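Notebook open, structure loaded. I want to look up a few side chains and see what surrounds them.

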Amino acid sequence: MDMQPMPKNLPYLIMFTSTIDGVPHVHGYANEEDRDAVYEQFLQTGKIKLRDDNLGVEQEFEPAYVARMNLIDGTINYTKVREIFSE
């Protein structure tokens, strides 16, 4: 898999994992308000809905961990809601 640099026009990120020790997924946003709306949705419902307008794909996730990050100044904010245990 080739590593590609993060697009410069998507400086606001949501990072999430399905388990606390899972590999994080990253989704970029062009503006802070759209990113923060997804984060607030997570805080209220425990779920996030991500959309890729270029591909026309929308998917809902129920993550254990969600973080917001700005590539502009490097600030990060994270929230752990629950941890999924394997039985």
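**Entry 1: Phe-16 and its partner**

I started with Phe-16 and asked whether it is buried or exposed. Phe-16 comes out at a relative accessible area of 5%, and buried means under 20%, so I logged Phe-16 as buried. A note to self before going on: this is a predicted model.

Next I looked for ring pairs, and the count came to one aromatic pair. The partners are Phe-16 and Phe-61, with ring centres 4.9 Å apart and planes at 45 degrees. Planes under 30 degrees apart would count as stacked and over 60 as edge-to-face, so at 45 degrees I wrote this pair down as tilted. Where do the two rings sit along the chain? Phe-16 is in strand S1 (residues 12–17) and Phe-61 in strand S4 (residues 57–61), so I noted a link between distant parts of the chain, 45 residues apart. Phe-61 has a relative accessible area of 26%, and I marked it as partly exposed.

**Entry 2: the pocket**

Both Phe residues turned up again when I checked the second largest pocket, since Phe-16 and Phe-61 are among the lining residues. I read its volume as about 210 Å³. Which other residues line it? I listed Pro-24, His-25, Val-26, His-27, Leu-50, Arg-51, Asp-52, Leu-55, Val-57 and Gln-59. By element, strand S2 (25–29), strand S3 (48–52) and S4 each supply at least two residues of that lining.

I picked Val-26 out of the lining for a separate look. Val-26 is found in strand S2 and is partly exposed, with a relative accessible area of 47%. I also took its C-alpha distance to Ile-14: 5.8 Å in space, with the two positions twelve residues apart in sequence numbering.

**Entry 3: Lys-49**

From the same strand S3 that helps line the pocket, I chose Lys-49. How exposed is Lys-49? I got 36% relative accessibility, which counts as partly exposed. Lys-49 touches Val-38, Gln-41, Glu-58, Gln-59 and Glu-60, leaving out residues up to four places away in sequence. For one of these, Gln-59, I also have the C-alpha to C-alpha distance: 5.6 Å, at ten residues apart in sequence.

**Entry 4: the helix**

Then I moved to helix H1 (residues 32–45), where Arg-35 lies. Is Arg-35 buried or exposed? At 3% relative accessibility, Arg-35 counts as buried. I listed what Arg-35 touches, again leaving out residues up to four places away in sequence: Tyr-12, Leu-13, Ile-14, Tyr-29, Arg-68, Met-69 and Asn-70.

Arg-68 from that list has an entry of its own. Its charged end sits over the ring of Tyr-39, 4.0 Å from the ring centre.

I also looked up Leu-43, which is found in helix H1. Leu-43 is partly exposed, with a relative accessible area of 40%. The C-alpha atoms of Leu-43 and Val-66 are separated by 9.3 Å, and these two are 23 residues apart along the chain.

**Entry 5: Ala-67**

Ala-67 lies in strand S5 (residues 65–70). I read its relative accessible area as 1%, so Ala-67 goes down as buried. What is the C-alpha separation of Ala-67 and Leu-13? I noted 8.0 Å, for residues 54 apart along the chain.

**Entry 6: whole chain**

Last, I zoomed out. The secondary structure comes to one helix and six strands, and from the N terminus on I read the order as β-β-α-β-β-β-β. How many of the 87 residues count as buried, as a percentage? I have 28%. Among contacts between residues at least 6 apart in sequence, 41% join residues at least 24 apart. The accessible surface comes to about 6,400 Å², and 51% of that belongs to carbon and sulfur atoms.

Terms used:
Residues numbered from 1 in each chain as written. Predicted model: local features only at pLDDT ≥ 70, side-chain atom pairs only at ≥ 80, totals over all residues. Heavy atoms only, no water. Helix = DSSP H or I, 4+ residues; strand = E, 2+ residues; numbered from the N terminus. Buried < 20%, exposed > 50% of the residue type's maximum accessible area, 1.4 Å probe, protein only. Contact = heavy atoms within 4.5 Å. Phe/Tyr/Trp six-rings, centres within 6.5 Å; stacked < 30°, edge-to-face > 60°. Lys NZ or Arg CZ within 6 Å of the ring centre and 35° of its normal. Areas by Shrake-Rupley, 256 points an atom, 1.4 Å probe, with all protein chains shown as cover. 1 Å grid on protein atoms, 1.4 Å probe; cavity = no way out; pocket = protein on both sides within 12 Å on 5 of 7 lines; lining within 4 Å. Points joined across faces, edges and corners; volume = space filled by probe spheres on them.
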